[in-house]
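Please open the structure in your viewer and keep the sequence beside it. The tour proceeds by selection, with a short account of what is found at each stop.

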Amino acid sequence: QVQLVESGGGLVQPGGFLRLSCGASGSIFSFNPMGWYRQAPGKQRELVATITLGSTNYAESVKGRFTISRDNAKKTVYLQMNSLKPEDTAVYYCWANSGRISWGQGTQVTVSS
């Protein structure tokens, strides 16, 4: 069983930056994937980024702007978001697959001038 707790969301202007954090508790290991999804109003939840054993994957829309990282000792995954666009506005959810899928409660990111 894995529990996920997210933090770091907020309101930023276009071109700004934000860092999200997600702390995990329970039986999660470096070979278990972790990552971030997001859901904008009226849209399906979509994959943003994943990381496992140092290997990363990104949605095409965030490549070059977002960076996912992970501290396995702290069981924490991060999402550094730079050059934010209004289209990035969404609720961001932490995700993990330890054999069972786990979701965080979500944190709101709003990009607006």
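How many bridges join S9 to strand S10 (residues 101-103)? There are 3 bridges, and the two strands run antiparallel. Strands are DSSP runs (E, at least two residues), numbered from the N terminus, and two of them pair if DSSP finds at least two bridges between them.

This is a predicted model, in which local features need pLDDT of at least 70 and side-chain atom pairs count only at pLDDT 80 or more, while totals for chains, interfaces and linings use all residues. Residues are numbered from 1 along each chain as its sequence is written, and side-chain values use heavy atoms, with hydrogens and water left out.

**Stop 1: strand S9 and its partners**

Select residues 90-97, which make up strand S9. Of its 8 residues, 6 are buried, and the strand is mostly covered; buried means under 20% relative accessible area, exposed over 50%, and partly exposed in between (1.4 Å probe, protein chains only). Next, add Asn 97 and Ile 101, bridge partners that link S9 with S10. The hairpin of these strands has 3 residues between them, and Gly 99 takes a positive phi near 105° there.

Now add residues 34-39, strand S4, which is antiparallel to S9 and joined to it by 6 bridges. Tyr 37 has Tyr 93 of S9 as its bridge partner. Strand S11 (residues 107-111) also runs antiparallel to S9, with 3 bridges; here Val 91 is partnered by Gln 108.

**Stop 2: the disulfide**

Select Cys 22 and Cys 94, which are joined by a disulfide with an S to S distance of 2.0 Å. A disulfide is a pair of cysteine sulfur atoms within 2.5 Å, and by this rule the count comes to 1. The link is left-handed, with -90° about the S-S bond. It connects distant parts of the chain, as Cys 22 lies in strand S3 (residues 18-26) and Cys 94 in S9, 72 residues apart. Are these cysteines buried or exposed? Cys 22 is buried, at 0% relative accessibility, and Cys 94 is likewise buried at 0%.

**Stop 3: aromatic rings**

Rings of Phe, Tyr and Trp (its six-membered ring) pair if their centres lie within 6.5 Å; planes under 30 degrees apart count as stacked, over 60 as edge-to-face and the rest as tilted. By this rule there are 4 aromatic pairs. Select Phe 29 and Phe 31: their ring centres are 5.5 Å apart and their planes at 5°, so the pair is stacked. Phe 29 is partly exposed at 45% relative accessibility, whereas Phe 31 is exposed at 52%.

Then select Tyr 37 and Trp 103, whose ring centres are 5.1 Å apart with planes at 70°, so the pair is edge-to-face. Tyr 37 belongs to S4 and Trp 103 to S10, so this pair ties together parts that are 66 residues apart in sequence. Tyr 37 is buried at 19% relative accessibility, while Trp 103 is partly exposed at 35%. Add Tyr 93 and Trp 95 to the selection to display the one aromatic cluster that these four residues form.

**Stop 4: two loop residues**

Most residues other than glycine have a negative phi. Select Lys 75, in the loop between strand S7 (66-71) and strand S8 (76-81); its phi is positive, near 55°. Finally, select Ser 83, in the loop between S8 and S9, where phi is near 50° and also positive.

How values were computed. Helix = DSSP H or I, 4+ residues; strand = E, 2+ residues; numbered from the N terminus.
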